[in-house]
Structure formats: structure tokens, C-alpha cells
Amino acid sequence: MSPDRLAPALFVLLWSTGWVAAKFGKTYSDPLTFLSVRYATAAVLFVVLCQCSGVRWPRDRSTIVHAIISGAFLHGFYLAAVWWAVGAGVPAALSGIIAALQPLMTALAAPYFIGEKLSLVQKAGLLLGFGGVAVAVLPKLIGVDHGEIQTVALVINVLGMVSVTYGTIYQKQHLHSGDIRAIATLQYIGALVVTFPLAFLFEPLQVQLSWGFAAVLAWSVLANSMGAILLLLYLLRRGQVSRAASLIYLVPPLAALEAAIAFGEELTAPMILGTAIVVVGVYLANRKDARTVPAE
């Protein structure tokens, strides 16, 4: 199987486990503190990887700045907003729906920022993907007292989705060259610049050191922050940004399946049906179509 076919599947599988890791991680640390430790560890390991691999670091200041800024939006503001919002009471199902708006927003914004057009079939796939996510997670919201959900938490969650959308487009717009390992290193420095000050201001910066914490951190760093992100950067560089973003649709249903296995959470018929719809939507959104052309 070619890397272009294998990379999307591996990315979705690894990235979806982040939801499970987050649920385990909150046992040992507050979310912003955990993210800060995760980003710092990822940055250090990437530096070691780059040194051992003889990676050439960007020499021009603009590439360095663009990588740091994209990391602040792709990782820093995004996960900080989502993890904080969930901790503040936003149901995971509702958070999943909000996150699933990203491919639609990316597809709408891409023509204006990077001149990327989609065919009607691909647009239909994006809409179908969002519909599948809604089918999968909306039933879980029935019975939730929405009056207990803080408005500010919902706003922060939405801002997180806006952040990762902008970061994805910014990445495609400004980072066309350079070793992706070096770019990823700089991006985690940018993410740490966001999360550590927030953790310092709003959390006690305490971590319950244990083998469990070490295991969750190791998976979060190696599988999510290194493996999944290298795959995402590869996909963004190889294909259309909105087609790569459409893969995010697969994350909430797959995360629900993983949560059912890891925590015994209920796997309902709507989740199974929604997942099937999502798969069809992602397939359509990623179809190569002769009518999909760059804007002039």
C-alpha cells in the first residue's frame, strides 16, 4: 500500500485516540498543565529526532515565524480551548459536533485564502460527513440540561474550532517547504507559548506523577503529537487542505468506538449508522475529480 493511501488511515486512527488520552489524562493533571507538559516533551523529542536525522533547520526568519504561528493555532489555542471547554461542562458529544464544523469552515474559507476550489461531489461529501457526525452524537445530547452548560464554555469551544481551521489554512498558505520534522518542532514551541502562560495563570501546575501518567503522556506525545501530526503535515503538503480536513469527520465516531472499548461507554445504533454515513462523506470529499481545479 502506497504512503498516500496509508497515511490518511493512520492519521485518523492515531488522532482519534487523543479523546481517550484526554479522559485518562485529566485523572493526573489539569488540562492546560497536561498539554504544556505534552508540548514541551514533544518539542524536546523532535529536537533529538532532528539532530539524529541530520535535519536541516529553516534559515530564513519568515519560515521560523510562520511555523511558530501555525503551531500556536493548530495545537495551542485549539486543544487548549477544547479541553478547557469540556472540563467546564460542554458534553463531549456536543464538542464533537462543534469540531466537525471545521471541514465545512475550511472548505468555505479555502477559496478565499489559498484559491482552492472543490467539485460539487466533494462539497456534498463534506455536508454528508457533518450529517453523519450529527446522526452519531446528537442522540447522546437528549436529556442533557443545556441550561447547565456555560455560554462562555460553548464560545471557547467554537473558538477552538475556528483556531484549528485558521491554522490549517495558514499552514498550507505559508509553509510550502522545509523538513516537516523541523516544522513540527517549531510548531510545538508555538503551542507551548500559548498553553504554558494559560496554565500558569489559571491552574496550580500540579501533576500526579505515576506510571499511569507516564503511560498517558507517552501515548499522547508519540502517537498524537508526533505520529499523527507528522502524518497531517504530510497530507497538507500532498493534497488539498479541505480534503485533508475532511478526515476530521472520522474522528468523533472512531473515538466513540474507542471509548466504548476503553471505558465501557455505550455504542449505540445511531453511532454505527452515523459512522457509515461519515465514511461515505469522506470518500466523496477525497475523490479525485477533474473538475477540481485551483482558482486563478
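# An all-helical chain: helices 2, 8 and 9

The protein contains 12 helices and 0 strands. The model is a predicted one. Along the sequence, the order of elements reads α-α-α-α-α-α-α-α-α-α-α-α. Of its 296 residues, 50% count as buried. Among contacts with a separation of 6 or more, 92% join residues that lie 24 or more positions apart. The paragraphs below follow helices 2, 8 and 9, and then turn to the end of helix 12.

Helix 2 spans residues 31-53. Its 23 residues, at 1.5 Å a residue, should span 33 Å, and the C-alpha atoms at its ends are 32 Å apart, which agrees with that expectation. The buried residues of helix 2 are Leu 32, Thr 33, Phe 34, Leu 35, Ser 36, Arg 38, Tyr 39, Ala 42, Ala 43, Phe 46 and Cys 50. In an α-helix there are 3.6 residues a turn, so residues three or four places apart point the same way. That spacing is a useful guide when reading the list against the model. After the helix comes Gly 54, which has a positive phi near 65°.

Leu 32 offers a view of the surroundings of helix 2, the helix in which it is placed. Because its relative accessibility is 4%, Leu 32 counts as buried. Apart from neighbours within four places in sequence, Leu 32 is in contact with Ala 80, Thr 195, Leu 198, Ala 199 and Glu 203. Of these partners, Thr 195 and Ala 199 are themselves buried residues of helix 8. The C-alpha atom of Leu 32 is also separated by 8.8 Å from that of Phe 200, although the two residues are 168 residues apart along the chain.

Helix 2 also packs against helix 9. Two packed helices are described by the angle between their axes and the distance between the axes. For helix 2 and helix 9, the angle is about 60° and the axes are 9 Å apart. Helix 2 is therefore oblique to helix 9, and it passes helix 9 in a right-handed crossing. On the side of helix 2, the contact involves Phe 34, Val 37, Arg 38, Thr 41, Ala 42, Leu 45, Phe 46 and Leu 49. These meet Phe 213, Val 216, Leu 217, Ser 220, Val 221, Leu 222, Asn 224, Ser 225, Met 226 and Leu 230 of helix 9. By class, the residues of this contact comprise 13 nonpolar, 4 polar and 1 charged.

Leu 217 belongs to helix 9 and illustrates the contact with helix 2 at the level of one residue. With a relative accessibility of 13%, Leu 217 counts as buried. Beyond residues up to four places away in sequence, it touches Phe 34, Val 37, Arg 38 and Thr 41. Leu 217 and Phe 24 are 193 residues apart along the chain, yet their C-alpha atoms are separated by 9.8 Å.

Helix 8 is a further partner of helix 9. At 1.5 Å a residue, the 23 residues of helix 8 should span 33 Å, and its end C-alpha atoms are 33 Å apart, in agreement. Buried residues in helix 8 are Ala 182, Ile 183, Ala 184, Thr 185, Leu 186, Gln 187, Tyr 188, Gly 190, Ala 191, Val 194, Thr 195 and Ala 199. The elements covering them include helix 2, helix 3 (61-87), helix 7 (151-174) and helix 9.

The axes of helix 8 (residues 180-202) and helix 9 (residues 211-238) come within 10 Å and cross at roughly 120°. This angle makes helix 8 oblique to helix 9, and the crossing is right-handed. Helix 8 contributes Ile 180, Arg 181, Ile 183, Ala 184, Gln 187 and Tyr 188, whereas helix 9 contributes Asn 224, Ser 225, Met 226, Ile 229, Leu 230, Leu 233 and Arg 237. The residues of this contact divide into 8 nonpolar, 3 polar and 2 charged.

Leu 205 lies in the loop between helix 8 and helix 9. Its phi is near 60°, a positive value in a residue other than glycine. At 34% relative accessibility, Leu 205 counts as partly exposed.

Finally, Ala 285 lies in helix 12 (residues 269-285). Because its relative accessibility is 2%, Ala 285 counts as buried. Ala 285 is 167 residues apart in sequence from Leu 118, while the two are 8.5 Å apart in space, C-alpha to C-alpha.

Note on methods: Residues numbered from 1 in each chain as written. Predicted model: local features only at pLDDT ≥ 70, side-chain atom pairs only at ≥ 80, totals over all residues. Heavy atoms only, no water. Axes fitted to C-alpha atoms, helices over the stretch in contact; angles between N-to-C directions. Helix = DSSP H or I, 4+ residues; strand = E, 2+ residues; numbered from the N terminus. Parallel < 35°, antiparallel > 145°, perpendicular 65-115°, else oblique. Left-handed = near helix turned anticlockwise from the far one by under 90°. Contact = heavy atoms within 4.5 Å. Nonpolar A, V, L, I, M, F, W, Y, C, P; charged D, E, K, R; others polar. Expected span 1.5 Å × (residues − 1). Buried < 20%, exposed > 50% of the residue type's maximum accessible area, 1.4 Å probe, protein only.
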